[in-house]
Amino acid sequence: MDATMVKPAVSGMKAGMNKVRPFSFWVASTLPPLVMTLATSSHAAEWKITPTVSLTETYTDNVRLAPDSTKQSAFISEVSPGVDFTAVGARARMKVSYQMQNLYYTNGGDSVRTNHLLNADGKTELLKDLFFLDGSASITQQDQSAFGPIAGNSNLNLSANRNEVKTYRASPYFKHAFDNLASAELRYTRDSVTSNTGGLNNSTGDQVSLNVNSGTSFQKVKWGVHYDDQKSEFKDAANSIESQTAGLDLSYYLSSRFALTGSGGYEKNSYISLDGKKPEGSYWSAGFNWSPSERTNLAFSTGRHFYGQTFSLTATERTRLTAWNLGYHEDITTTRQQFLVPGSVDTSIFLNQLWQTSVPDPVLRQQLIDAFIRTNGLPTSLARPLNTFSNQVFLQKMLQGSVAVTGARNTVMFSLYHNKRDAKSAPLGPVDPSNLNALGSTKQIGANLVWNLVFSPRTSANFSLGWDRADALTSGERDNNKLFRAAISRDLQPKLKATLEYRHNQKTSNLGLNDFKENALTLSLLLRF
């Protein structure tokens, strides 16, 4: 290697190791509780560990997603070892996917970068039919602003808009059924959301919830009472956020498939509202739930909360070859809550609905779905609005729709969304000057189409087309983003797969801010041991 290349490479490797050390500490403090609790009942579990390594070479004509006048090309070499781990037993299950993404750039400044990608989820029954423990952990790289350069699902670009987000959640709970009269659940949840940017304050949350629901003895009228108390602490913030909710839910069945529904209660929040009004008060809702068949469900309700009139809609339909979903919801929420409970259309859940008839066994069905997503390179989630980094409380109104169609050689998935956020509190901490649009009202509209085509048992192709528009209703900025991907994959050996992909990424703004175009070509090899 040329001596001029040695010094930046060595310094880049040191920078990568500096990232590994805090990551190792974070993993050591969050994942072992999941593994240890799983091990308490793992003697009957089926364990499967699959190491992987991915080798990728990418050429991009705009590595920093910069305007045409300053864009810079680069070759990017990637070596990414990883491991997939699953354990399924009568009283425990766990699923972990981890990848260490090491990137070397021949141009563009940063010679070496290391990203960690983690998705872990586990559940175990510690005391039969009584005491349980759920847990999850994740590490992702996210675009922090809908009004900056959007990299999408790519971690290759050197964009200042791209940041790492870590989450974990641990939730022990008691659950017990009182014969056929009622069932009760008492749950405690501890969670955390951290990022490497000031646009989102690091935070921890504590939540205690109690739910009591009617049992099978109640057929005509079903009921449920619930209480929820949660507190979120933000680093470098003067105030925490506390909320309490207590309510009653009722369902009156006119038939086995149609029920009138209603709820009421009181909710209280501690944040300081922008309009000066206390964010608390009684609430109510009324609606219906209709399930004309096992494959069709429609639920609708309307009501009023302290922030105004609300609506909710959930509709699902499943046929032998299609799955349809439509939902609309309004909630007071925060960026951290959205990271803990993502609002995306999960590809795995979507395919699970689609294949319920053809593969009745849920365990086998999930294994086939995981293999299908992995083999065909499908995205883990479909179109969704960007969870803009913000240290505010906001009212989110979300409409999402999706449909999947499957055939002998084709699978097509289409999704769309309309998302509006209205800030309800002042910032809880420092404001990121590069993301001022997050302080006001924003709107995001988008759609995404994914088409998987199987040519043979060893060869497949994927095409995806995405569009989204972001509006800053306060400043008047409107950004349009378009992303096209085309990839063809072939199994060279039973455990060796090659993929060639072309990507075109484009952004335009009515203010001429951050406009860019990117074309990239990637060749990758994936080896599973």
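I take contact to mean heavy atoms within 4.5 Å. The model I am consulting is a predicted one.

**Entry 1: Ser425**

I began with Ser425 and listed its contacts, leaving out residues up to four places away in sequence: Ser425 touches Tyr271, Ile272, Leu274, Gln392 and Val393. I then located Ser425 in the loop that lies between strand S17 (410-423) and strand S18 (442-456). Is Ser425 buried or exposed? I found a relative accessible area of 1% for Ser425, and because buried means under 20%, Ser425 is buried. I also noted that the side chain of Ser425 reaches the backbone nitrogen of Val393 at 2.9 Å.

**Entry 2: the chain as a whole**

I looked up the secondary structure and recorded four helices and 22 strands. The chain has 529 residues, of which 44% count as buried. For contacts with a separation of 6 or more, I noted that 58% are between residues 24 or more positions apart. I entered about 26200 Å² as the accessible surface of the chain, with 61% of it belonging to carbon and sulfur atoms.

**Entry 3: Ser524**

I placed Ser524 in strand S22 (residues 516-528). Its relative accessibility is 16%, so Ser524 counts as buried. Which residues does Ser524 touch, not counting residues up to four places away in sequence? I listed Leu55, Thr56, Lys497, Ala498 and Thr499. I further noted Ser54, which is 470 residues from Ser524 along the chain, with 6.9 Å separating the two C-alpha atoms.

**Entry 4: strands S2, S3 and S4**

I followed the pairing from strand S2 (residues 74-88) to strand S3 (residues 92-105), which run antiparallel and are joined by eleven bridges. A hairpin of three residues connects S2 to S3. Ile76 stands opposite Tyr105 in S3. I then traced S3 to strand S4 (residues 112-127); these also run antiparallel, with 13 bridges between them. In S4, I identified Ala120 as the bridge partner of Val96.

**Entry 5: salt bridges**

I searched the whole structure and found 15 salt bridges. One of them joins the side chains of Asp121 and Arg93, at 2.8 Å from N to O. Asp121 lies in strand S4 and Arg93 in strand S3, so this pair ties together parts that are 28 residues apart in sequence. Asp121 is partly exposed at 27% relative accessible area, and Arg93 is partly exposed at 40%.

I next examined Asp143 and Arg162, whose side chains meet in a salt bridge at 3.2 Å, N to O. Asp143 lies in strand S5 (residues 131-143) and Arg162 in strand S6 (residues 162-178), so the pair ties together parts 19 residues apart in sequence. I recorded Asp143 as buried at 3% relative accessibility, and Arg162 as buried at 14%.

I also looked up Asp206 and Arg190, which form a salt bridge through their side chains at 2.7 Å, N to O. Asp206 belongs to strand S8 and Arg190 to strand S7, so the pair ties together parts 16 residues apart in sequence. Asp206 is partly exposed at 27%, and Arg190 counts as partly exposed at 29%. I noted too that salt bridges sharing partners join Asp134, Glu185 and Arg187 into one network.

**Entry 6: nonpolar surface patch**

I found a nonpolar patch on the surface formed by Leu127, Leu130, Phe174, Leu186, Tyr188, Val208, Leu210 and Tyr227, with about 680 Å² of accessible area together. Strand S7 (182-195) and strand S8 (203-214) each supply at least two of its residues. I checked Val208, which lies in strand S8 and counts as partly exposed at 40% relative accessibility.

Note on methods: Residues are numbered from 1 along each chain as its sequence is written. This is a predicted model: local features need pLDDT of at least 70, side-chain atom pairs count only at pLDDT 80 or more; totals for chains, interfaces and linings use all residues. Side-chain values use heavy atoms; hydrogens and water are left out. Buried means under 20% relative accessible area, exposed over 50%, partly exposed in between (1.4 Å probe, protein chains only). A polar contact is a pair of N or O atoms within 3.5 Å; within protein, one must be able to donate a hydrogen and the other to accept it, and residues adjacent in sequence count only if both atoms are side-chain atoms. Patches are made of residues with over 30% relative accessible area and no salt bridge: like charges are joined within 9 Å, nonpolar side chains (Val, Leu, Ile, Met, Phe, Trp, Tyr) within 5 Å. Accessible areas come from the Shrake-Rupley method with a 1.4 Å probe; for residues, only the protein chains shown count as cover. A salt bridge is a side-chain nitrogen of Lys or Arg within 4 Å of a carboxyl oxygen of Asp or Glu. Two strands pair if DSSP finds at least two bridges between them.
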